[in-house]
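Student: I am new to this structure and would like a close look at one part of it. Could you take me through the strand pairing around one buried strand, and then out to what surrounds it?

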Amino acid sequence: MSGEASCPVLWNGQETCHDEQGREIACANSGQDAESRRGQGWPRPRFELRGDTAQDRLTGLVWSCDASPAVYPLSWREALDFVGELNRRAAFGFSDWRLPNRHELRSLLSHQTRRPALVEGHPFRNVFCGWYWSSTSAAINPAHAWYVDLDGGRMFYGGKDQSFMLWPVRGISTVLAFTGQRQCYGETGRTIACDGSGQDGEFRSGVPWPEPRFEVRGEAVLDRLTGLAWRRNTDLAGPILWSDALAQIADLNRTVNRQQWRLPNINELESLVDAGTSGPALPPGHPFTAVRDVYWSSTTSLYEPDWAWALYLDKGAVGVGQKRQARFHVWVISRNVSA
């Protein structure tokens, strides 16, 4: 099953497969991310230098070559103010810099690398292997904001009074989706006016969501934003081991004729998140049933290959879980190419 996607999910860079011990294995018939390498592929070279900036030829966004222009960690408010100062002095030749939203910041990640988890051969300097602020507040607690770890690639949220790095971005992407955040929040979590805030809710950058976002087609649900089709019942077998998740999907496919399923990669899972909601972080009015807290992806963590990436859907966070622990659930996605 497929649909006309307005915003296809991007490839995440994973090229190798690993068992539950972390050992590299052949990808054929593994059901893992690197076997199919789903997602919009990366151009080569990925980045084009333009003075002291670099344009990402995949997303169209422009980043400062200096990945740490503030030098030191700042609070979230200080980070937003620092970007405002960059614009006042037309830093790097431009005055339309902003703090990236969570989709924009994650778009830089490669899940084949670590320390930093960036595309091999990237042109950036002063990359800090740690947390970077996004402009997106955490709906589960708006006194917190989302940040991304460039050491390994996790995305979580922390208090806006904490101090992390910032990396400014400019430009508009036609391949990254809107995050879903429509409001703006102060440091205490109070709703504030968006105008002039520099927050995700002010710019709402990214491809708008279609209306309606989802279309039910039997036991599957088509996401009209990404063109991906998900099983309407989101819990295949309860919390299970990562290897058992892959095996149970293979067994399921042997018992059906038309519908073929697979374990989604981490970018596909994250594409479902509405950053304006929590508990679960899915768009309001979604048609899914049996929604659980945490879901396995088919993507191995190259930071520690005996761990795999997972979506913490209650919050909207991207984290990891040890493959040998039966803690997470399985939400399958269609691998068919026609309805």
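Tutor: Here is a walk that starts at one strand and moves outward to the core, the rings and the cysteines.

A word on the ground rules comes before the walk. This is a predicted model, in which local features need pLDDT of at least 70 and side-chain atom pairs count only at pLDDT 80 or more, while totals for chains, interfaces and linings use all residues. Residues are numbered from 1 along each chain as its sequence is written, and side-chain values use heavy atoms, with hydrogens and water left out.

Let us begin with β7 (144-149). Strands (E, at least two residues) and helices (H or I, at least four) are DSSP runs, numbered from the N terminus. Five of the six residues of β7 are buried, so this strand is largely enclosed by the rest of the structure. Buried here means under 20% relative accessible area, exposed means over 50%, and partly exposed lies in between, using a 1.4 Å probe and protein chains only.

Now look at the partners of β7. Two strands pair if DSSP finds at least two bridges between them. On one side, β6 (residues 131-137) runs antiparallel to β7, and four bridges join the two. One place to find this pairing is Trp-133, whose bridge partner in β7 is Tyr-147. The two strands form a hairpin, with six residues between β6 and β7. β7 is also joined to β8 by five bridges, and these two strands run antiparallel. Here you can look for Ala-145, which stands opposite Gly-158 in β8. β7 and β8 make a hairpin too, with five residues between the strands, and in it Gly-153 takes a positive phi near 115 degrees. As a general point, the side chains of a regular strand alternate between the two faces of the sheet.

From the strand we can step into the core. A nonpolar core is a set of buried Ala, Val, Leu, Ile, Met, Phe, Trp, Tyr and Cys residues joined through side-chain atoms within 4.5 Å. The largest one has 66 residues, and the members that touch the most others are Trp-63, Trp-167, Trp-230, Trp-296, Val-330 and Trp-331. Among the elements that each supply at least two residues of this core are β7, β8 (155-159), α5 (242-254) and β16 (294-300). There is also a second, separate core of 17 residues, including Ala-70, Leu-80, Trp-97 and Phe-164.

Trp-97 and Trp-167 bring us to the aromatic rings. Rings of Phe, Tyr and Trp (its six-membered ring) pair if their centres lie within 6.5 Å; planes under 30 degrees apart count as stacked, over 60 as edge-to-face and the rest as tilted. The structure holds 20 aromatic pairs. One of them joins Phe-94 to Trp-97, edge-to-face, with 6.3 Å centre to centre and 85 degrees between the planes. In this pair, Phe-94 is partly exposed at a relative accessible area of 28%, whereas Trp-97 is buried at 2%. For Phe-124 and Trp-167, the ring centres are 4.8 Å apart and the planes stand at 85 degrees, so this pair is edge-to-face. Phe-124 lies in the loop between α3 (102-106) and β6, and Trp-167 in the loop between β8 and β9 (169-170), so the pair links distant parts of the chain, 43 residues apart. Phe-124 counts as buried at 8% relative accessibility, and Trp-167 is buried at 0%. Both rings belong to one aromatic cluster with Phe-47, Trp-63 and Tyr-132.

Last come the cysteines. A disulfide is a pair of cysteine sulfur atoms within 2.5 Å, and a search of the whole structure finds two. Cys-17 and Cys-27 form one of them, with their sulfur atoms 2.1 Å apart. This link is right-handed, with 110 degrees about the S-S bond. The other joins Cys-184 to Cys-194, with 2.1 Å from S to S. Cys-184 lies in strand β10 (residues 184-185) and Cys-194 in the loop between β11 (191-192) and α4 (200-203), so the pair ties together parts that are 10 residues apart in sequence. Cys-184 and Cys-194 are both buried. By contrast, Cys-65 is in no disulfide, and the nearest cysteine sulfur, that of Cys-129, is 17 Å away. Cys-65 is buried, with a relative accessible area of 3%.
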